Number of protein chains: 2
Amino acid sequence: MTALPAPDGSVAAPAPAAPAAGKVPPGMQYLYGSGEAAALSYQAYLGVIDTIIAKSSDRAVGQAVFSVVLAPGATLDAPKFESCDKKPLAVVLDIDETALLNLGYEADDSQRGGPYDQSRWERWEKTGAGAVAATPGMIELARVSKASGVTLVFNSNRMATNAKETEAALTGAGLGPVEHLKNLWLQGDAGTGSAKDPRRAAIAAQYCVIAMAGDQLGDFSDLFNASGLDPVARRGLAQGRAVKMLWGHGWFILPNPVYGSGLKGDLDTIFPRDKRWTDPGPTPVAPVSAPAPTPTEKK
Amino acid sequence: MTALPAPDGSVAAPAPAAPAAGKVPPGMQYLYGSGEAAALSYQAYLGVIDTIIAKSSDRAVGQAVFSVVLAPGATLDAPKFESCDKKPLAVVLDIDETALLNLGYEADDSQRGGPYDQSRWERWEKTGAGAVAATPGMIELARVSKASGVTLVFNSNRMATNAKETEAALTGAGLGPVEHLKNLWLQGDAGTGSAKDPRRAAIAAQYCVIAMAGDQLGDFSDLFNASGLDPVARRGLAQGRAVKMLWGHGWFILPNPVYGSGLKGDLDTIFPRDKRWTDPGPTPVAPVSAPAPTPTEKK
């Protein structure tokens, strides 16, 4: 099946061809409607808030603070990080399904089916600012970051040509002030395409980045999007000896089972062959006058 | 559509009637195959590990430690907690899609479609012990809890009649030792049906519970499963003023977009009516010799 790039440059989940009117796919029920997903969001953002409190206090007493942005040349096995020096503290966040829930777009999409349509997404960027909501926990994070003098910097694959409308979406959701190229970096601003490392480097040149938040591995490093990685290898990278310790400790991940690079793989890719099970079926009940079933019948 | 109870007594996602061979639903791709979901698991379990380190150190120096199990009579608006006194420290965990990933069952289920079948699930409990895996981060948590003298206690809606097989599943995945009614509480052990509060109370009578982990809100309190709660109200409860502060701070939630109480709701329940958007469609290009489109045509 053809996988097309999603809002963030990742791969979209193939939508059913003809959804039933009013029906919502399970992934959307979960992400936009469940208490469980709201709890996952709070869990992530309260972790970011704890980090802000700890690190701004360290900075205030002159203790060293470290960046969580990988430096050029770093690998996921041997990570090394950008320098912080005396740079002001910042938290770097993705926008879509991280800082904002794209409620209007997804409600519309849920009734369409069909593949991802980049031009429709771009019309959403231009006209959808009023139909988004801050992700659970984001308003609290915005408040604490403001009070602590820690800047929220957004790094998104929305288009730089729609910067004004994206500023309006964030500000309207209560996450402002936001200013393009000051604390808002978009596709086209540095480097090319959906790669976020060049923008992360530009941000890290100005700020000491104490935390990053995103719903896709590419919100933390483009190394997760190396070509030729199948889901098993990619999942392995996220659990690597060095990387795994960063989750919830500088790198904060938000749930998104609706679209993105994680929605790939067939049966043999997703489920290891040595962890398979076949339902043996109900134990047959022998009729009173018949012989007991033979073992082969039981299989 | 009929919602049937899932492994944990929650509501199962309706599976498609006739899945294509080898194809895996997006929720399973995400949960069992993505680096993002593995990262969410590590994020949760590293938080539990931090809690173990902090609280066992508090206990060691004689500082008071508090339980995160709601006491009888508590509400979600006005939570109060069980007492800890000098009871030994414990972490309470759900099993399915929390401590263990049910890879064999879900691989089989992905190729079936059709509604949830409780008798098939029970055959899985009896025969599937070899086809599970510890959820990412669980092995690390088991190691740290052992080294810290903090007991892992499992509270699951698997059947008490299958206790031996569930002990084997947990032990085989590296999460032992596990002994029924000592650190394994199952459906039928205390109270009736899928309610977990009576078992939580029994555990809290013996242990000071410093953290709980689960993939369903019912893994934290049965109050989230009050009858008549629609998804909006239930999501509201998870974000209530008191409850929201517990996520990642004593209550640790794991992702599960595959089944459970969160997978409910139609378009008008999941997406607020004041956050809707309709794609305006591509801007029409006026043919050279034709009049410009009227405003009504543009809508």
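Asp279(A) is buried, with a relative accessible area of 14%. In this predicted model, Asp279(A) is a convenient place to start, and its position along the chain is the loop between α9 (267-270) and α10 (295-298) of chain A. Within its own chain, a polar atom of the Asp279(A) side chain lies 2.9 Å from the backbone nitrogen of Gly281(A). Across to the other chain, the side chain of Asp279(A) makes a polar contact with the side chain of Arg123(B), at 2.6 Å. Once neighbours within four places in sequence are set aside, the residues in contact with Asp279(A) are Asp108(B), Arg112(B), Arg120(B) and Arg123(B).

A second contact between the chains involves Asp50(B), which sits in helix α2 (residues 35-60) of chain B. Here the side chain of Asp50(B) forms a polar contact with the side chain of His249(A), at 2.7 Å. Is Asp50(B) buried or exposed? With a relative accessible area of 38%, Asp50(B) is partly exposed, because the values from 20% to 50% fall between the buried and exposed classes. Within chain B, the C-alpha atoms of Asp50(B) and Val144(B) are 9.6 Å apart, although 94 residues separate the two in sequence.

The relation between the two chains comes next. In general, a rotation about an axis and a shift along it relate two copies of a chain. For this pair, chain A is superposed on chain B by a rotation of 180 degrees with 0.0 Å of shift along its axis, and the RMSD is 0.0 Å. This is the relation of a two-fold axis. Both copies use the same surface, as 100% of the contact residues of chain A recur in chain B.

Turning to the single chain, chain A contains 10 helices and seven strands. Of its 299 residues, 55% are buried. Among the contacts in chain A that link residues at least 6 apart in sequence, 74% join residues at least 24 apart.

Helix α1 (residues 26-33) of chain A is largely enclosed by the rest of the structure, because seven of its eight residues are buried. These buried residues are Gly27(A), Met28(A), Gln29(A), Tyr30(A), Leu31(A), Tyr32(A) and Gly33(A). What do the buried residues of α1(A) pack against? Chain A supplies α2, β2 (100-101) and α3 (103-110), while chain B supplies α8 (231-238) and α9 (267-270). The helix α1 (residues 26-33) of chain B is likewise largely enclosed, since seven of its eight residues are buried. In α1(B) the buried residues are Gly27(B), Met28(B), Gln29(B), Tyr30(B), Leu31(B), Tyr32(B) and Gly33(B). Their cover includes α8 (231-238) and α9 of chain A, together with α2, β2 (100-101) and α3 (103-110) of chain B.

Helix α2 also takes part in packing with α5. Two packed helices are described by the angle between their axes and the distance between the axes. For helix α2 (residues 35-60) of chain A and α5(A), the angle is about 5 degrees and the axes are 9 Å apart. The two helices, α2(A) and α5(A), are therefore roughly parallel to each other. From α2(A), the residues at this contact are Tyr42(A), Tyr45(A), Val48(A), Ile49(A), Ile52(A), Ile53(A) and Ser56(A). They meet Met138(A), Glu140(A), Leu141(A), Val144(A), Ser145(A) and Ser148(A) in α5(A). By type, the residues of the contact of α2(A) with α5(A) comprise nine nonpolar, three polar and one charged.

Gly137(A) lies in the loop between β3 (133-134) and α5 (138-148) of chain A. With a relative accessible area of 2%, Gly137(A) is buried. Apart from residues up to four places away in sequence, Gly137(A) touches Tyr42(A) and Tyr45(A), two residues that also belong to the α2(A) side of the helix contact. A separation of 15 Å is found between the C-alpha atoms of Gly137(A) and Asn256(A), which are 119 residues apart along the chain.

In chain B, the buried residues of helix α5 (residues 138-148) include Met138(B), Glu140(B), Leu141(B), Ala142(B) and Ser145(B). The buried residues of α5(B) pack against α2, β1 (89-93), β3 (133-134) and β4 (151-159) of chain B. After α5(B) comes Gly149(B), with a positive phi near 70 degrees.

Technical notes: Residues numbered from 1 in each chain as written. Chains lettered and ligands numbered in written order. Predicted model: local features only at pLDDT ≥ 70, side-chain atom pairs only at ≥ 80, totals over all residues. Heavy atoms only, no water. Helix = DSSP H or I, 4+ residues; strand = E, 2+ residues; numbered from the N terminus. Buried < 20%, exposed > 50% of the residue type's maximum accessible area, 1.4 Å probe, protein only. Contact = heavy atoms within 4.5 Å. Axes fitted to C-alpha atoms, helices over the stretch in contact; angles between N-to-C directions. Parallel < 35°, antiparallel > 145°, perpendicular 65-115°, else oblique. Nonpolar A, V, L, I, M, F, W, Y, C, P; charged D, E, K, R; others polar. Polar contact = N/O pair within 3.5 Å; in protein donor to acceptor, adjacent residues only side chain to side chain. Least-squares fit on C-alpha atoms with pLDDT ≥ 70 in both.
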